[in-house]
Amino acid sequence: MTLSATGVSIRFGGLVALNNVAVSVSPGEILGLVGPNGAGKTTLFNCLTGVSKPQAGKVQLEGRDISRLSLADRVRLGIGRTFQTPRLDLGSSVADAVMLGFNPRLRQSIVSACLPFSKARRTEDDLSSRARQLIAEFQLTADPDSSAGELSLGHLRLLEVARALASEPRYLLLDEPAAGIDDVDRDLLADAIRNAAARGLGVLLVEHNVGFVAELSHRMVALVSGEVVAEGKPAYVVADPQVVAAYLGVHHVAA
Ligand SMILES: Nc1ncnc2c1ncn2[C@@H]1O[C@H](COP(=O)(O)OP(=O)(O)OP(=O)(O)O)[C@@H](O)[C@H]1O
Ligand SMILES: [Mg+2]
């Protein structure tokens, strides 16, 4: 019962971005993935979510090989993610932006001609109220119909997490969700991550803020130059000499 990558290797031209990497995250677990710029964190993310296809190794979801499945199919199977740079239509309302995240299966059923109009209408109302619930939980805005473009960067990042949660994933993958956000938003984010794990979601958290990751994670993995150099309890990983050496001189590590 895990989302896992085993023996994953990927090259971009001559550059080995990941070399024989293995990670796995279990339901209810928060796994922190750290490493300096260019270590391969986002690339590993992309391999797990289907954006990139590794040249070697496989990705499995609860025992099923999903290496060949598309991003959309993986979302349908329960893998939700955010992007390092928020990908949002800033012209849409906050409510619509969150609703975009609803599980494609559910959205398909709404547009399906099989549903009588009244039932489709009710389902849409349910989705809208669930979106509003997420917006309130993340304290995104007092007015869900206001434009997403009016939100701060911190709130846009939280909006991305809310949208990923709207798809009711079993695994939630977050790529630097705390980058550039203030302490209040960071606390909201930490609560959301803890709550998600407490509800049984497996969370993979990529962050440069090692302190933030170490505090939240049950387990950590450190990547350096595309290879796993340390893995285990946060206190053990942050003290690992290779991890310390890799971060020396990287000024935003303690941000
Ligand atoms: N599509 C691509 N084409 C060529 N090189 C790439 C591509 N994607 C990633 N890389 C390279 O692979 C390496 C790993 O990049 P990746 O983005 O996974 O690192 P990261 O750990 O997420 O870094 P950061 O902390 O800066 O986000 C880097 O050297 C990067 O330049
Ligand atoms: Mg990255």
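This passage describes the strands, the helices and the ligand surroundings of a predicted model.

The strands of a sheet pair through backbone hydrogen bonds, and such pairing may be either parallel or antiparallel. In this model, an open sheet is built from 6 strands, which follow the order S6-S7-S8-S3-S9-S10 and show mixed pairing. Its edges are formed by strand S6 (79–81) and strand S10 (227–232), each of which pairs on one side only. From one strand to the next, the twist averages 20°. At the S6 edge, the neighbour is strand S7 (residues 171–175), which runs parallel to S6 and is joined to it by 3 bridges; within this pair, Arg-81 has Leu-173 of S7 as its bridge partner.

Two helices pack on this sheet. Helix H1 (residues 41–49) touches strand S3 (30–34), S6, S7, strand S8 (202–206) and strand S9 (219–224), and the direction of H1 makes about 150° with that of S7. Helix H7 (residues 183–198) also packs on the sheet, where it touches S3, S7 and S8, and its direction makes about 150° with that of S8.

Helix H1 also takes part in the surroundings of ligand 1, since the shell around this ligand draws at least two residues from each of strand S2 (15–25) and H1, and H1 gives the most, with 3 residues. In total, 14 residues surround ligand 1, and the closest are Gly-38, Lys-41, Thr-42, Thr-43 and His-208. When the residues of the shell are divided by character, 5 are nonpolar, 7 are polar and 2 are charged. Several polar contacts can be described in detail: a polar backbone atom of Gly-38 is 2.8 Å from an oxygen atom of the ligand, a backbone N or O atom of Ala-39 lies 3.2 Å from an oxygen atom of the ligand, and a polar side-chain atom of Lys-41 lies 2.7 Å from a ligand oxygen atom. Taken alone, ligand 1 exposes 640 Å², of which the protein buries 61%.

Further strand pairing involves strands S1, S4 and S5. Strand S1 (residues 3–12) runs antiparallel to strand S4 (residues 56–61), and 5 bridges join the two, with Gln-60 of S4 serving as the bridge partner of Ser-4. Strand S4 also pairs in the antiparallel sense with strand S5 (residues 64–65), over 2 bridges, and here Leu-61 stands opposite Arg-64 in S5. The hairpin of S4 and S5 has 2 residues between its strands, and in this hairpin Glu-62 takes a positive phi near 45°.

Methods:
Residues are numbered from 1 along each chain as its sequence is written. Chains are lettered from A and ligands numbered from 1 in the order in which they are written. This is a predicted model: local features need pLDDT of at least 70, side-chain atom pairs count only at pLDDT 80 or more; totals for chains, interfaces and linings use all residues. Side-chain values use heavy atoms; hydrogens and water are left out. Two strands pair if DSSP finds at least two bridges between them. Helices (H or I, at least four residues) and strands (E, at least two) are DSSP runs, numbered from the N terminus. Axes are lines fitted to C-alpha atoms, for helices over the stretch in contact, and angles run from 0 to 180 degrees between N-to-C directions. Contact means heavy atoms within 4.5 Å. A residue is near a molecule or strand if one of its heavy atoms lies within 4 Å of it. A polar contact is a pair of N or O atoms within 3.5 Å; within protein, one must be able to donate a hydrogen and the other to accept it, and residues adjacent in sequence count only if both atoms are side-chain atoms. Accessible areas come from the Shrake-Rupley method with a 1.4 Å probe; for residues, only the protein chains shown count as cover. Ala, Val, Leu, Ile, Met, Phe, Trp, Tyr, Cys and Pro count as nonpolar, Asp, Glu, Lys and Arg as charged, and the others, Gly among them, as polar.
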